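Here are my comments on the structure, set out as numbered points. Please read them alongside the coordinates.

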Amino acid sequence: MRMLTTFALAAAAALGFSAPSHAQFENRTIRVSNGVNQEHPVGNGVAKMAACAAERSGNRMRLQGFWGGALGGDLQATQALRSGTQEMVITSSSPLVGILPDLGVFDLPFLFANEREADQILDGDFGKYIADKLPAVGLVNLAYWENGFRNLTNSRRPVARLEDFQGLRVRVMQNNIFLDTFRTVGTNAIPMAFQEVFPALETRAIDGQENPFVTIDTSKFHEVQRFLSVTRHAYTPFLVLYSKALWDRLSAQEQQVLSACAIEGRDEQRKVSRELNDRSLANLRRNGMQVNEPAPAEMARMREAVKPVYERSAATIGKETVDRMMASLARIRGTN
């Protein structure tokens with residue numbers, strides 16, 4: 001009898017150890033706010049993350065996406081996280097610089113040369129350095145997803161040299177670093193709401209605008225713009241943010257699952273984003289846009305021209321953060 005009891009206990013312990021345990025998961029629906037529409041690659045990332053969380057939690061953790069700013073704009077939704085009234089938001093870094101000025105480092109011009117550099121910075125020590133600052137302002141960053149490189153279109157000429165920026169009337173986001181950048185290279189930078197951009201381009205009130213290929217394509221800017229210059233002048237990531245107040249109420253296992261699934265969502269979102277980026281560029285070519293890519297020597301001149309933007313911005317971003325970013329990039333470029 002003792003042998004049977006010992007065997008039964010051992011078998012039960014082994015079964016408990018090997019089988020997935022969902023005891024530390026509560027039934028919960030997590031609202032995920034997005035400013036973009038579900039058709040955006042972020043939608044693919046959220047779907048992947050949701051499937052991952054459901055599988056690992058025995059379907060006890062469910063993600064519900066809200067799209068197109070249905071729960072408020074990115075800044076409004078982020079403030080709801082900080083107050084503990086909403087769980088998650090996926091937002092670009094740019095609207096949040098008022099909450100954490102260090103995030104302005106991602107707005108610096110011509111920062112990353114390519115997606116590989118961006119991935120290494122965001123997924124490495126520097127990305128962690130920024131993420132470690134967020135709990136102090138009531139936020140937890142689960143992963144960095146991709147918003148993509150921004151490129152310039154206009155109706156006057158290809159921008160192949162630094163001098164080609166001169167005098168162009170270019171719409172930019174209401175962002176001090178973007179405004180400073182485009183004024184520094186010689187354009188007449190004009191802040192404008194996005195919904196006003198197409199009619200302003202159509203009437204020639206402005207000459208150009210800057211956005212990722214996907215936005216240029218889906219907004220049909222090819223109808224009112226002739227030239228697309230692959231300047232890749234800015235790369236601002238998305239952050240997958242969770243409310244710190246609500247995060248602290250999760251079990252360690254729930255936190256672990258959400259963190260791991262945000263990484264799975266990141267990998268899917270980036271893959272889809274880059275595939276769509278290539279298709280959008282091909283669409284723009286087919287629709288008659290004249291595409292040019294400045295030569296490496298000219299890109300170097302552009303980077304040199306905007307150095308004063310880095311110096312002026314360091315005071316608001318934080319000199320330590322800017323210095324850390326540049327040191328991290330130098331290490332990456334020395335090993336690539």
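1. In which helix is the place of F198? The residue belongs to helix α7, which covers residues 197-202. This is a predicted model, and the remarks below should be taken in that sense. F198 has a relative accessible area of 22% and is partly exposed; the cut-off for buried is under 20%. Leaving aside residues up to four places away in sequence, F198 touches S219, K220, F221, E223 and V224. For one of these residues, K220, the C-alpha atom is separated from that of F198 by 8.5 Å, with the two positions 22 residues apart along the chain counted as their distance in sequence.

2. Confidence. The average pLDDT of the protein is 92, and 93% of the residues score at least 70. Residues 1-20 are a weak part of the model, with pLDDT below 50. Beyond near neighbours in sequence, that stretch has zero contacts in the model. Where pLDDT is low, the predicted coordinates should not be read in detail.

3. Overall description. The protein has 336 residues, of which 52% count as buried. Its secondary structure comes to 13 helices and eleven strands. The C-alpha trace spans about 90 × 40 × 40 Å along its principal axes. Of the contacts between residues at least 6 apart in sequence, 77% join residues at least 24 apart.

4. The five-stranded sheet. An open sheet is formed by five strands in the order β2-β1-β3-β10-β4, with mixed pairing. The edges are β2 (61-66) and β4 (139-145); each has a single partner strand, so one side of each is left without a neighbour in the sheet. Direction ignored, neighbouring strands of this sheet are turned by 25° against each other on average.

5. Strand pairing. β1 and β2 run parallel and are joined by six bridges, with R28 opposite M61 of β2. β3 (residues 88-92) and β10 (residues 238-243) run antiparallel and are joined by five bridges. β4 and β10 also run antiparallel, with six bridges between them. Y242 of β10 appears in both of these pairings: it is the bridge partner of M88, and V140 stands opposite it.

6. Burial of the strands. What share of β4 is buried? Seven of its seven residues are, and the strand is described as mostly covered. β4 therefore combines an edge position, with a single partner strand, and buried residues along its length. In β1, five of the seven residues are buried, so this strand is largely enclosed by the rest of the structure.

7. Helices on the sheet. Helix α3 (residues 74-83) lies across β1 (28-34), β3, β4 and β10, and runs at about 140° to β3. Helix α10 (residues 252-286) packs on the sheet too, where it touches β1, β2, β4 and β10. The direction of α10 makes about 30° with that of β4.

8. The buried face of α3. Which residues of α3 are buried? They are D74, A77, T78, A80 and L81. Seen down the helix axis, the buried residues fall within an arc of 155°, so they line one face of the helix. These buried residues pack against β1, β3, β4 and β10. After α3 comes G84, with a positive phi near 80°.

9. Nonpolar cores. The largest nonpolar core has 53 residues, and F106, F112 and M325 have the most contacts inside it. M325 touches V105, F106, L111, F112, I121 and F126, not counting residues up to four places away in sequence. Another core, of 28 residues, lies apart from it and includes V32, A53, A143 and A262.

10. Backbone angles to check. Most residues other than glycine have a negative phi, and most peptide bonds are trans. N59 has a positive phi, near 65°. N59 sits in the loop between α2 (41-56) and β2, and at 46% relative accessibility it counts as partly exposed. R232 also has a positive phi, near 45°, and is found in strand β9 (residues 227-235).

Methods: Residues are numbered from 1 along each chain as its sequence is written. This is a predicted model: local features need pLDDT of at least 70, side-chain atom pairs count only at pLDDT 80 or more; totals for chains, interfaces and linings use all residues. Side-chain values use heavy atoms; hydrogens and water are left out. Two strands pair if DSSP finds at least two bridges between them. Helices (H or I, at least four residues) and strands (E, at least two) are DSSP runs, numbered from the N terminus. Axes are lines fitted to C-alpha atoms, for helices over the stretch in contact, and angles run from 0 to 180 degrees between N-to-C directions. Contact means heavy atoms within 4.5 Å. Buried means under 20% relative accessible area, exposed over 50%, partly exposed in between (1.4 Å probe, protein chains only). pLDDT is the predictor's confidence in each residue, from 0 to 100. The arc is that of the directions from the helix axis to the C-beta atoms. A nonpolar core is a set of buried Ala, Val, Leu, Ile, Met, Phe, Trp, Tyr and Cys residues joined through side-chain atoms within 4.5 Å.
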